[in-house]
Amino acid sequence: MKHFSFYLTVLGLSLVTVFSCTNPIDTGSGLLDEDLVNVQTVDTFKINTTAVPGDSLLVYSIPTSASSGFLSRYFLGKMNDPIMGLTDVAIQTQIVPALQVYPGLNITVDSLVLVLPYSTANIYGDKAQRYDLEIRELADSFALDKNYYSNQKLTVKPAVMQAKSFAVSYDSITIKDYSTGVAVDSKVPPQLRVRFTDAEFQSRLVGLDTSVYKNRVKFIQALYGLQLSTSNIGKALAAFDLTSTRAGLYLYYKTATGSVQEYRYVFGFVAANSITRDRGTSLLGKYLAGEPDQEYILLQGQEGANSKFSIPGLKNLKNVIVNKAELVLKVANVPGDESVFFTPSPRILAMYRNDKGRLTVVEDFDIASQAGSLDPYYGGAYVSGTNNEPGTYTINLSAHVQNILTGKVPNDIYLKAFPLAESAARTTLYRADHPLHGAKLKLYYTQLGQ
């Protein structure tokens, strides 16, 4: 309730400004509203931005009553971005029996098929990209009592146990469903199906003792799991939903009586993306190496890169109440970019470092989250431009700027592509000194004592 009360107070003060002394100040280049008056300190405000590397990204968390610990989508591929450099994303996952029963004695195996339902809405980059998939067996086990981050990569057995070249299909397909013991044609959403031809792995999987199948911990001790990676470099990342009821490794077989059956292994207990980056001589690589003339603000999804943002001139404001503060950012057209593939992040998240040095969302985002709606209270969503104008992000920072002015939080703000783990998108923005589309903080405040 404390956050809501504060927000309502700020909102009420903005209404009072009709009758009070209100100073609207644009802290970027050029005024946002020609009717703004009493802008006496506009030249003392300057927006500073610096590219900073992202933090390691939480990609699996210990399950709780409220969360399975899994992500809603998992990316795969080697994506070469002309602005951000190379991003290499692999999937590493355990597999366990969906039901803790043995498939059966005296069975005749027909096939073993890995089923990966696509998360088509989240595939990023070139939609026609082909991927050269390689599947290896993990040589190390996940710990069941710890979180996993994107910079953690388990060791794998060197041999590629299965490979397949594919392009994402966006159409539903018809498969044979044997879950009832009878073959039934079933139309399912788009999915990648990889038939295993590795006889040794198949034999070892089926040959595990019945006691192992009845205990999932024993199962993952006997079979650590799989790593999925790609060998070719392209301009996209595929996305899969490993939590789908269709996802898993399917064993198709005949019983001693001749009936056709299927047995499903699901992804779990743990599944995680591992991410490595090679920024090389890309624009982001130069910025992170200390390039002094950083012409653009660069944000990369999955904690690839963030921007450190500060407004030193705010310290000159004393005894004021912030009625409204909006950060307005324009998407930049960077030479050499391929914007047809690399589209802007759906939203930008603003954070700051608390007194323990940990990144924390700004209070405006906290208010919006508690209200259950980001758009009216925080904003930050990408809005496409019209009439050849660039796209825009508008972020409400009213509560946070007030906290800066009262000394509750530091001046530095960190901008991130959002959602953090579940979007591969990135964003290029104009800095404050761009003559037409510079970043601006539009600030309305009431001066106390006037």
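Okay, let's start inside. Val-115, Ile-175, Asp-177, Gln-191, Arg-193, Arg-246, Tyr-250, Tyr-252 and Glu-262 are the residues lining the largest cavity. Strands S11 (173–177), S13 (191–196) and S16 (248–254) are the elements that each give two or more residues to that lining. Before I go on, keep in mind that this is a predicted model.

So how much space lies in the largest cavity? About 50 Å³. As for what surrounds that space, the lining of the largest cavity splits into four nonpolar residues, one polar and four charged. If you're thinking about placing something in there, those are the classes you'd have on the walls.

How many cavities of 30 Å³ or more does the structure hold? Three. The second largest has a volume of about 40 Å³, and its lining is made of Met-79, Asp-81, Thr-87, Leu-237, Arg-277, Gln-300, Gly-301, Gln-302, Ala-424 and Arg-426. By class, that second lining comes to three nonpolar, four polar and three charged residues.

Hang on to Arg-277 for a second, since the name comes back with a glycine. Gly-304 sits in the loop between strand S18 (296–300) and strand S19 (305–310). Is Gly-304 buried or exposed? Buried: the relative accessible area of Gly-304 is 0%. Leaving out residues up to four places away in sequence, Gly-304 touches Pro-53, Gly-54, Arg-277 and Arg-279. So Arg-277 turns up twice, once in the lining of the second largest cavity and once among the contacts of Gly-304. Pro-53 is worth a look too: Gly-304 and Pro-53 are 251 residues apart in sequence, yet 6.4 Å apart in space, C-alpha to C-alpha.

Another loop residue, then. Ser-282 is in the loop between strand S17 (260–278) and helix H5 (283–288). Ser-282 has 8% relative accessibility, which is why it counts as buried. With residues up to four places away in sequence left out, Ser-282 touches Pro-82, Ile-83, Met-84 and Gly-85.

Now to the open space. The largest pocket holds about 280 Å³. It has 15 lining residues, and Val-331, Ala-332, Asn-333, Ser-339 and Pro-344 are the ones nearest its centre. Which strand gives the most to the lining of the largest pocket? That's S26 (residues 426–430), with four residues. The class breakdown for the pocket is seven nonpolar, six polar and two charged.

Okay, rings. The count comes to 20 aromatic pairs. Let me take you through one of them: Phe-365 and Tyr-378 pair edge-to-face, 5.1 Å centre to centre, with 85 degrees between the planes. That pair links distant parts of the chain, with Phe-365 in helix H6 (residues 363–371) and Tyr-378 in the loop between helix H7 (374–377) and strand S23 (379–383), 13 residues apart. Phe-365 and Tyr-378 are both buried.

Phe-365 has another partner as well. Phe-365 and Phe-418 also form an edge-to-face pair, at 5.7 Å centre to centre and 75 degrees between the planes. Here the link spans 53 residues, from Phe-365 in H6 to Phe-418 in strand S25 (residues 413–418). What about exposure for these two? Phe-365 counts as buried because its relative accessibility is 9%. Phe-418 has 21%, so it counts as partly exposed; the cut-off for buried is under 20%.

While we're on H6: Glu-363, Asp-364, Phe-365, Ile-367 and Ala-368 are buried in that helix. Notice that the list includes Glu-363 and Asp-364. After H6 comes Gly-372, with a positive phi near 80 degrees.

There's a ring cluster too. Which residues do ring pairs link into a cluster? Tyr-102, Tyr-213, Phe-219, Tyr-263 and Tyr-265.

And last, charges over rings, for anyone who cares about how a force field treats them. The charged end of Arg-353 sits over the ring of Tyr-414, 5.1 Å from its centre. Lys-146 lies over the face of Tyr-148, at 5.3 Å from the ring centre.

That's my tour. Happy to pull any of these up on the screen.

Key:
Residues numbered from 1 in each chain as written. Predicted model: local features only at pLDDT ≥ 70, side-chain atom pairs only at ≥ 80, totals over all residues. Heavy atoms only, no water. Phe/Tyr/Trp six-rings, centres within 6.5 Å; stacked < 30°, edge-to-face > 60°. Buried < 20%, exposed > 50% of the residue type's maximum accessible area, 1.4 Å probe, protein only. Lys NZ or Arg CZ within 6 Å of the ring centre and 35° of its normal. Contact = heavy atoms within 4.5 Å. 1 Å grid on protein atoms, 1.4 Å probe; cavity = no way out; pocket = protein on both sides within 12 Å on 5 of 7 lines; lining within 4 Å. Points joined across faces, edges and corners; volume = space filled by probe spheres on them. Nonpolar A, V, L, I, M, F, W, Y, C, P; charged D, E, K, R; others polar.
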